[in-house]
Amino acid sequence: MKKVLHRLIYLLCLGVVAFGLTFACSPSRDQNARSPSPSAEPCRIVQHVRGESCIPLKPKRIVTLDFNSLAAVLALDIKPISSWITTEIEAEFPYFEGKTNGVEIVRGSSGQINLEKLLLLHPDLIVVISHPVFERVYQQLSHIAPTIVLPWVETKGDWKHHLKETARVFEIKAIAGNVMEDYYHRVEQLKGLLSDLQSLPRVSFAYIASGRLVIARQKSFAGGVLNDIGLLNPLFEDSGDIDLPISEELLPAIDSDVLFIAPLRKDDNSVIERLQQKPLWSKLKAAQNNQVYVVDFSVWRGLNIFAAHGMLDDLEKYLVRQGE
């Protein structure tokens, strides 16, 4: 009889524990969306893609989970304690040099976030973009710390909007305004330098991905910066897809005075070299002008303010300084 009674008590206790764990981990009860209890630290409600989260008034242990968000917070003079860079791009992101001192950078394959390591960091705020990779682990992230998901897929990677949204989260819109003002000031400066040329060149940007040549259009990152300056080849000023893959036979259709080209990965350099040996390459106006320049993919596809300044550096270097 005692054995039966002990067994019943054991099963009852086990059931209570299981219920407690199920209740605590239930995705229907997102900790981010709940109001803080009277004993919790003060926080404020922030609206984002996944609803609303109550974040600390002055977060001190911020973690970003993508290089876009890392760039945005750094540009706003906020230094996270750590950031994941989950990308397949073989790049060191030169524009982060000197800006990430004291930030633990965690590199990993795309789609892999080490939740155990993240938990050990004891973050008080997680910032990430709306991307399927992070959507899949949102519930786990939100149980570790308040998690803000900023629009990215919805805006097709609009880096200017992302900077503005990040500033909204931290209530520092004025700083974002200053950051963009500096960018547009540099754009105007470059326009002034280019005005000394006989005529503005028509410029395009292409990159090699999976062995194919892809042209950037106006809505892409590079296309947008070129368009801000007034250099983008009108052929690519349309409302179509962000990128336009083209076959080798269509190379002459690029018809730009200047072509910037970037390899996605290091072995893609061989694809560029192979293209340059083809007869059709010599029909490129940019090749005839001897104005084809190989640039850093991580800069020209950077999708952030630092990369935008890197593009302006390249444009000044090749279009202005080279002719001096």
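Two strands are said to pair if DSSP finds at least two bridges between them. The exercises below apply this to a predicted model.

**Exercise 1.** Determine in which sense strands β1 and β2 pair, and what joins them.

*Solution.* Step 1: locate the strands, β1 at residues 43-48 and β2 at residues 51-56. Step 2: count the bridges; there are six, and the sense is antiparallel. Step 3: identify a partner within the ladder; Arg-44 has Ile-55 of β2 as its bridge partner. Step 4: examine the connection, which is a hairpin of two residues leading from β1 to β2.

**Exercise 2.** Establish the strand order of the five-stranded open sheet and name its edge strands.

*Solution.* Step 1: read across the sheet, which gives β10-β9-β8-β11-β12 with mixed pairing. Step 2: find the strands that pair on one side only; these are β10 (243-246) and β12 (292-294), the edges. Step 3: note the twist, which averages 30° from one strand to the next. Step 4: inspect one pair inside the order; β8 (residues 203-209) and β11 (residues 258-263) run parallel and are joined by six bridges. Phe-205 is placed opposite Phe-260 of β11. Step 5: add the helix that lies across the sheet; α9 (residues 269-276) crosses β8, β9 (212-216), β11 and β12, and runs at about 140° to β11.

**Exercise 3.** Classify the packing of helix α8 against helix α12, and describe the residues in contact.

*Solution.* Step 1: take the geometry; α8 (residues 221-229) and α12 (residues 305-319) pack at about 60°, with axes 11 Å apart. Step 2: apply the cut-offs; an angle under 35 degrees would be roughly parallel and one of 65 to 115 roughly perpendicular, so α8 is oblique to α12. Step 3: assign the hand; the crossing of α8 past α12 is right-handed. Step 4: list the contact, to which α8 contributes Phe-221, Ala-222, Val-225, Leu-226 and Ile-229, and α12 contributes Ala-307, Ala-308, Met-311, Leu-312 and Leu-315. Step 5: sort by class; 10 are nonpolar, with no polar and no charged residues.

**Exercise 4.** Carry out the corresponding analysis for helices α7 and α8.

*Solution.* Step 1: the angle between α7 (residues 173-194) and α8 is about 60°, and their axes lie 9 Å apart. Step 2: α7 is therefore oblique to α8. Step 3: the contact consists of Tyr-183, Tyr-184, Val-187, Leu-190, Lys-191 and Leu-194 from α7, with Val-225, Asp-228 and Ile-229 from α8. Step 4: the classes are seven nonpolar, no polar and two charged residues.

Methods: Residues are numbered from 1 along each chain as its sequence is written. This is a predicted model: local features need pLDDT of at least 70, side-chain atom pairs count only at pLDDT 80 or more; totals for chains, interfaces and linings use all residues. Side-chain values use heavy atoms; hydrogens and water are left out. Helices (H or I, at least four residues) and strands (E, at least two) are DSSP runs, numbered from the N terminus. Axes are lines fitted to C-alpha atoms, for helices over the stretch in contact, and angles run from 0 to 180 degrees between N-to-C directions. Contact means heavy atoms within 4.5 Å. Angles under 35 degrees count as roughly parallel, over 145 as roughly antiparallel, 65 to 115 as roughly perpendicular and the rest as oblique. A crossing is left-handed if the near helix is turned anticlockwise from the far one by less than a right angle, and right-handed if clockwise. Ala, Val, Leu, Ile, Met, Phe, Trp, Tyr, Cys and Pro count as nonpolar, Asp, Glu, Lys and Arg as charged, and the others, Gly among them, as polar.
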